[in-house]
2 protein chains.
Amino acid sequence: MEEELPGSIGISVSFALRLGQAFFSVASLLFMCVGVQFYAYTSFCFLVTIKGLVIPWSLTLAMVDAFSMFVKRQSRQVQIVSVIVIGDWVLSFLSLAAACSTASVSDFMVTEAGASFCDGKLCSRYQLSAAMACLSWSLSLASALFNLWLLPSLYSNF
Amino acid sequence: MEEELPGSIGISVSFALRLGQAFFSVASLLFMCVGVQFYAYTSFCFLVTIKGLVIPWSLTLAMVDAFSMFVKRQSRQVQIVSVIVIGDWVLSFLSLAAACSTASVSDFMVTEAGASFCDGKLCSRYQLSAAMACLSWSLSLASALFNLWLLPSLYSNF
């Protein structure tokens, strides 16, 4: 049963999810950072900080998945999967917080504050960055759920 | 073991957590709503909507807990606890999103937009509302975690 569970660690679905998280996080970071003075706003700094945590985490776990697929051997120890589940959940909550902050502040800039804070092109970059952060969060939540689902079966074998 | 698990449904700790959630949600709603034109801002409308979901949910489960304590009989069916866990997690994510949106927009108003959007008293009310929403979210997360912890032992007895 554990072998067939989709999306848990060491399976190609999990590898795809991790790559998707890293891709959307990098896209969000690029939209936010390149050529924009994001550090003037607290929410945008928070987004950049969290993305700086999510990208290495996702890439590391993608490498672990790729290694597991390559050697065709799944090393699912309870301790390791527990650490991964806890890290996934914490980063998932932080990603959601960062995405919501960015989305609400950029919406506020567009609808209320108007041209005094961002012109059309800059506003749409902020919004795109928030959208990418939301996509990255949804993939991160999927990974966290799949790994959480795997955990009880590991404990019962323990 | 199930009888002693703190914070899961039907125990006084759970009752206290639910009451705390409802209290902080009501406080957040009052700071946001009374005498303030919150409906001009998307984030604040979102907060009010989510609090309108969280308050009845928490009060209903507080009544369930009180009933369980009163009759000294814990009806822990897997289906009911599953529904409660799913509802708790969904509301916990929504609460976090609402709290972060409110906090970031009110911070943006205070630090950047300045007196054109809120004067000192109004700004501090927005900030207090965001703080209450964060406290309500942390209690909601605690309830969700305790009930999630309970679930595998119910499934293994099933």
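A pocket, as I use the word here, is an open set of grid points with protein on both sides within 12 Å along at least five of seven lines. Keep in mind that what we have is a predicted model.

I will start with the pocket. The largest one has a volume of about 1,500 Å³. Its lining is made up of 32 residues, and those closest to the centre are Leu148(A) and Pro152(A) from one chain, with Leu148(B), Leu151(B) and Pro152(B) from the other. Which elements give two or more residues to that lining? In chain A they are helix H3 (78–113) and helix H4 (120–157), and in chain B they are helix H3 (78–113) and helix H4 (120–157). As for the character of the lining, 26 residues are nonpolar and six are polar, while no charged residue takes part.

Next, the interface. In chain B, 22 residues are in contact with 22 residues of chain A. People often state the size of an interface as the accessible area lost when the parts come together. Here chain B and chain A bury about 1,700 Å² between them, and carbon and sulfur atoms account for 78% of that.

How many salt bridges does the rule find across the interface of chain B and chain A? The count is zero. Polar contact does occur across this interface, in three residue pairs, with both residues at pLDDT 80 or more. On the side of chain B that touches chain A, the elements giving two or more residues are helix H2 (42–71), H3 and H4 of chain B. H3(B) gives the most to that side, with 14 residues. Sorted by class, the side of chain B that touches chain A has 15 nonpolar residues, five polar and two charged.

Last, salt bridges in the structure as a whole. A search over all chains finds two. In a salt bridge within chain A, the side chains of Asp88(A) and Arg18(A) meet at 2.9 Å, N to O. Asp88(A) is in helix H3 of chain A and Arg18(A) is in helix H1 (residues 12–33) of chain A, so this pair ties together parts that are 70 residues apart in sequence.

Notes
Residues numbered from 1 in each chain as written. Chains lettered and ligands numbered in written order. Heavy atoms only, no water. 1 Å grid on protein atoms, 1.4 Å probe; cavity = no way out; pocket = protein on both sides within 12 Å on 5 of 7 lines; lining within 4 Å. Points joined across faces, edges and corners; volume = space filled by probe spheres on them. Helix = DSSP H or I, 4+ residues; strand = E, 2+ residues; numbered from the N terminus. Nonpolar A, V, L, I, M, F, W, Y, C, P; charged D, E, K, R; others polar. Contact = heavy atoms within 4.5 Å. Buried area = accessible area lost by both parts, 1.4 Å probe. Salt bridge = Lys/Arg side-chain N within 4 Å of Asp/Glu carboxyl O. Polar contact = N/O pair within 3.5 Å; in protein donor to acceptor, adjacent residues only side chain to side chain.
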